[in-house]
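Subject: Structure handover

Dear colleague,

Here is the structure I said I would pass on. Please look it over before reading my notes below it.

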Amino acid sequence: MNKDFLKEVVLDKQKSLKEAKRRYPEDELRMKLEEPHVYRPFKAAVSALGKLNIIGEIKKASPSEGLLRENFDPIRLSRLYQNAGCSAVSILTEEKYFLGKISYLNQVRKIINLPILRKDFIFDPYQLYESKFFGADCVLLIAELLKDGKLSEFLSIAKRLELDCLVEVNELKDLKYALDQGSEIIGINNRNLHSLKMVSQAASDLIRFVPEDRIIVLESGISKHAEYLKYSKLKVNALLIGSAFMKSEDIKKKIDEIVEGREPGSKAALARKAPKKKRVRKKKSAQK
């Protein structure tokens, strides 16, 4: 892909945002948000101790792989994630490239008890009010899109709205900026959003620069038990996994494969399939 995806998607998003503001004016959203709303702490859920937490992602397509799941049902998928033991659910709401809808947030919120992350390209304060109105508990903020102190402004608004923020970075300069701005949950994306290419060493390079008191969520390209084990040994709190689950016919089985090593041909799987050797009891010699 020769085009700069991040620039392209933001330009498209600016156009669709005008229509969103027309349908749901910000003043109306703010009034609605004064009504009682149950807070589901995303930060606490993805930083639960004693395990590497899994955030199951709901997305129909991706710009790098195209359509991921034809039989796409956000409600059914959210139930599967909750029943499989995921700590939170991420929902893509960007329409053009990921075929998402913001209405999925509210639909899923009525079905499950897990915290919900809205993943989109957020660069206007209106989108924070919109996210809360439609049922998000957390929003993805891309550090690179909120430069020159804008990130701290968004973090402040989100805090007033009781929205947690997953602040995404891909390079050291963006990580340092995110930390300076007060980000508490750092999302390290193994995918470069400009080229859409995977940068497999991104996480390993950046994790050591994240202070102990911050939460780390790793994003993109996770599909194997070996990767789960690798990040379990580092100070990662959660893995956000989307494409691997969306392409799987049996999501519960795929989660078990990643978390417990139940992949076909793996040592764990072979050990379970291997027939147990029968113990042969030696006969005692007959006494004369």
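The notes below go from the chain as a whole to strand 5 and its surroundings, then to cysteines, aromatic rings and the core.

Overall

This is a predicted model. The chain has 13 helices and 10 strands, and 51% of its 288 residues count as buried. Of the contacts between residues at least 6 apart in sequence, 68% join residues at least 24 apart.

Strand 5 and its neighbours

Strand 5 covers residues 116-119. Ile116 and Arg118 point one way from this strand, while Leu117 and Lys119 point the other way. All four are buried, charged side chains included. 

On one side, strand 5 pairs with strand 4 (residues 88-92) in the parallel sense, over 4 bridges. Within this pairing, Arg118 is the bridge partner of Ile91. Between the two strands the chain passes through helix 5 (residues 103-109), and this β-α-β crossover is right-handed.

Strand 5 also pairs with strand 6 (residues 138-142), again in the parallel sense, over 2 bridges. Here Leu117 has Cys138 as its bridge partner. The connection from strand 5 to strand 6 runs through helix 6 (residues 125-134), and this β-α-β crossover is right-handed.

Arg118 lies in strand 5 and counts as buried because its relative accessibility is 2%, under the 20% cut-off. Setting aside residues up to four places away in sequence, Arg118 touches Lys13, Ile91, Thr93, Ile102, Leu105, Gln127, Glu130, Ser131, Ala136, Cys138, Val139 and Leu140. The C-alpha atoms of Arg118 and Cys138 are separated by 6.2 Å, with their positions 20 residues apart along the chain.

Helix 6

Helix 6 is mostly covered, with 8 of its 10 residues buried. These are Tyr126, Gln127, Leu128, Tyr129, Glu130, Ser131, Lys132 and Phe134. The elements that cover them include helix 1, helix 2, helix 5, strand 5, strand 6 and helix 7 (150-160). Three of the buried residues of helix 6, namely Gln127, Glu130 and Ser131, are among the residues that Arg118 touches.

Cysteines

The structure holds 0 disulfides. For Cys138, the closest cysteine sulfur is that of Cys165, and at 6.2 Å it is too far for a bond, since a disulfide needs the two sulfur atoms within 2.5 Å. Cys165 is likewise in no disulfide, and its nearest cysteine sulfur is that of Cys138. Both residues are buried: Cys138 has a relative accessibility of 0%, and Cys165 has a relative accessible area of 8%.

Aromatic rings

There are 8 aromatic pairs in the structure. One of them joins Tyr24 and Phe134, whose ring centres are 5.4 Å apart and whose planes meet at 85°, so the pair is edge-to-face. This pair links distant parts of the chain: Tyr24 sits in the loop between helix 1 (5-23) and helix 2 (26-32), and Phe134 sits in helix 6, 110 residues apart. Tyr24 is partly exposed, with a relative accessible area of 31%, whereas Phe134 is buried, at 10%.

A second example is Phe72 with Tyr104, a tilted pair with 5.8 Å from centre to centre and 55° between the planes. It also links distant parts of the chain, with Phe72 in the loop between strand 3 (66-67) and helix 4 (74-83) and Tyr104 in helix 5, 32 residues apart. Phe72 is buried, with a relative accessible area of 15%, and Tyr104 is buried as well, with 10%.

In addition, Phe5, Tyr97, Phe98 and Phe121 form one aromatic cluster.

Nonpolar core

The largest nonpolar core has 90 residues. Tyr81, Leu141, Ile188 and Leu239 are those with the most contacts inside it. Helix 1 supplies the largest share of this core, 6 residues. Leu239 touches Leu52, Asn53, Ile54, Ile55, Leu218, Ile222, Tyr228 and Tyr231, not counting residues up to four places away in sequence.

Regards

Conventions: Residues numbered from 1 in each chain as written. Predicted model: local features only at pLDDT ≥ 70, side-chain atom pairs only at ≥ 80, totals over all residues. Heavy atoms only, no water. Buried < 20%, exposed > 50% of the residue type's maximum accessible area, 1.4 Å probe, protein only. Pairing = 2+ DSSP bridges. Right-handed = clockwise from strand over helix to strand, strands pointing away. Phe/Tyr/Trp six-rings, centres within 6.5 Å; stacked < 30°, edge-to-face > 60°. Core = buried A, V, L, I, M, F, W, Y, C linked by side-chain atoms within 4.5 Å. Contact = heavy atoms within 4.5 Å.
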